[in-house]
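The following exercises are to be worked through with the sequence and the structure at hand. Each task is followed by a solution in steps.

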Amino acid sequence: MKPAPFEYHAPETVDEVLELLDQHGFDAKILAGGQTLGPLLNMRMAAPEVLIDINRVKALDYQRHEDDGGLTLGALTRQSTLEDDAQMPQRQPLIAAAEPEVAHRAIRNRGTVGGSLAHADPAAEWPGLAVALDAELVLQRHGGASRTIAALDFFEGALATVIEPEEMLTEIRIPPWRNTSGWGFHEFNRRHGDFALAGAMVRLDLAADGGCRGVAIALIGVEDTPIRAGAAEQFLRSQRVDDAALQEAARRAADNVTPMHDIHASADYRRSLTRTLAYRALADAAARATRIPS
Amino acid sequence: MNPNEPDRRIAHVNVNVNGVAHERTVEARMSVADFLRHEIGLTGTHLGCEHGVCGACTILLDGAPARSCIMYAAQLDGHSITTVEGLATGEDELSVVQQTFWEHGALQCGFCTSGMLITATDFLARSPDPSEEEVRRALSGNQCRCTGYQPIVTAVLDAAQRLRQAREAAGTATAQLADTEKTSA
């Protein structure tokens, strides 16, 4: 299980990376953490002529907790950096909850947020977080042009995103988290650290009278991209949030997915998991939310 | 290929392994695991799955666990690696984790052992007083076909306790020394 030969480049600036991408296009692959590309190369499921190792582009490894509560991440941010961030549970609790579930510590030490998003595994946590939190993703190309994509518009299918061959994902912008928001995260796998068979990430804002002021329900591992459970969200927004409403929202989330069917889980099982995990995540979020007087 | 351009399929590597500097020229696609085993002769690092899931290849890269099977030797320039061969504290002295593995029979064929030791050593440095559940979680990325994991978990918990006791003893000794210096001053 050895990769096909490749030409190896280790640029030190974003400009150099973009120049190389511009030059080589389809023949090149970016090597970030390598935790996904490495296996693909070793199994020869990918055999790029050119490997652009971006690990020496220190300018891409930054994490900024902004004054307004937002979080800005350079694409080379290691998953373990976020896992170890003592401010994260308070500032971005969904990220703090999800990070320890990403594979195993050795993977998190190398794996990057940018890499996880660019690779777009349907069951990965970071694509789910991006969609749950309404993140924005910045793509740059040689010559200075850049575009900013909303997370929901970024994922096209399993392992497919809108990134063009000459583009690189450079920055991830997470909106401020209100400390009155409740959150919930539940994923299911057979062994700790496996890809999720299904997972639910919830943000919930409640009024003092129990009315729903806002909700986001993101599902991973169910369809070929992370998705928002739009029908469930729409239902919940019109409700007083009690247990019956949460059960109904979870039921609608499960009814409105077209689950994947593979050797790990049947579509039926994924649908069943969707309902249970969405309910648990919603219940946790409701318990954690601070009820705001209207 | 332009003869004036460097051959980018070849990599020149300067890397520190277990405290010793090495310089090699290898194919860029050579994995760090193969580099350690074939170029440096350290065969304690094992290859199980070659795609990052079994954990047998785990080493410390700049002090943090990483899978050596999905990293390329070309990436090593300027870095330092600790392999299982670098854990022992002396010629005849095992590390605390190695010692408890031995005492509790936490290895049979030994194939997973190097990865287990590296992972456990790092884990205990960051979580000195773990529960059994936390130990199992931390080791979930290292797969073992022989032991059924129980003796490994026992060994790691025992190592945690011995390391805490050693730290407490060292702390007491330092405090006593400080007291002695105060009274004689």
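**Exercise 1.** Which strands of chain A does helix α8 (residues 125–132) lie across, and at about what angle does the helix run to β13(A)?

*Solution.* The model is a predicted one. Helix α8 of chain A lies across β11, β12 (198–206), β13 and β14. Its direction is at about 160 degrees to that of β13(A). A second helix, α12 (residues 267–288) of chain A, also packs on the sheet, where it touches β11, β12 and β13. The angle between α12 and β11(A) is about 155 degrees.

**Exercise 2.** Determine the strand order of this sheet and identify its edges.

*Solution.* Begin with the order: the open sheet of chain A consists of four strands, arranged β11-β12-β13-β14 with antiparallel pairing. Next, look for strands that pair on one side only; these are β11 (182–188) and β14 (227–228) of chain A, the edge strands. Finally, examine one edge: β14(A) is joined to β13 (residues 212–220) of chain A by two bridges, and A:Leu219 has A:Ile227 of β14(A) as its bridge partner.

**Exercise 3.** Is A:Val50 buried or exposed?

*Solution.* First, locate A:Val50 in strand β3 of chain A. The relative accessible area of A:Val50 is 2%. Buried means under 20%, so A:Val50 is buried. Then list its contacts beyond four places in sequence, which include A:Glu7, A:His9, A:His24 and A:Asp27.

**Exercise 4.** Characterise the exposure and surroundings of A:Met43.

*Solution.* A:Met43 is in the loop between α2 (37–42) and β3 (50–53) of chain A. With a relative accessible area of 36%, A:Met43 is partly exposed. Together with A:Met1 and A:Met45, A:Met43 makes a nonpolar surface patch of about 310 Å².

Technical notes
Residues are numbered from 1 along each chain as its sequence is written. Chains are lettered from A and ligands numbered from 1 in the order in which they are written. This is a predicted model: local features need pLDDT of at least 70, side-chain atom pairs count only at pLDDT 80 or more; totals for chains, interfaces and linings use all residues. Side-chain values use heavy atoms; hydrogens and water are left out. Two strands pair if DSSP finds at least two bridges between them. Contact means heavy atoms within 4.5 Å. Axes are lines fitted to C-alpha atoms, for helices over the stretch in contact, and angles run from 0 to 180 degrees between N-to-C directions. Patches are made of residues with over 30% relative accessible area and no salt bridge: like charges are joined within 9 Å, nonpolar side chains (Val, Leu, Ile, Met, Phe, Trp, Tyr) within 5 Å. Accessible areas come from the Shrake-Rupley method with a 1.4 Å probe; for residues, only the protein chains shown count as cover. A salt bridge is a side-chain nitrogen of Lys or Arg within 4 Å of a carboxyl oxygen of Asp or Glu. Buried means under 20% relative accessible area, exposed over 50%, partly exposed in between (1.4 Å probe, protein chains only).
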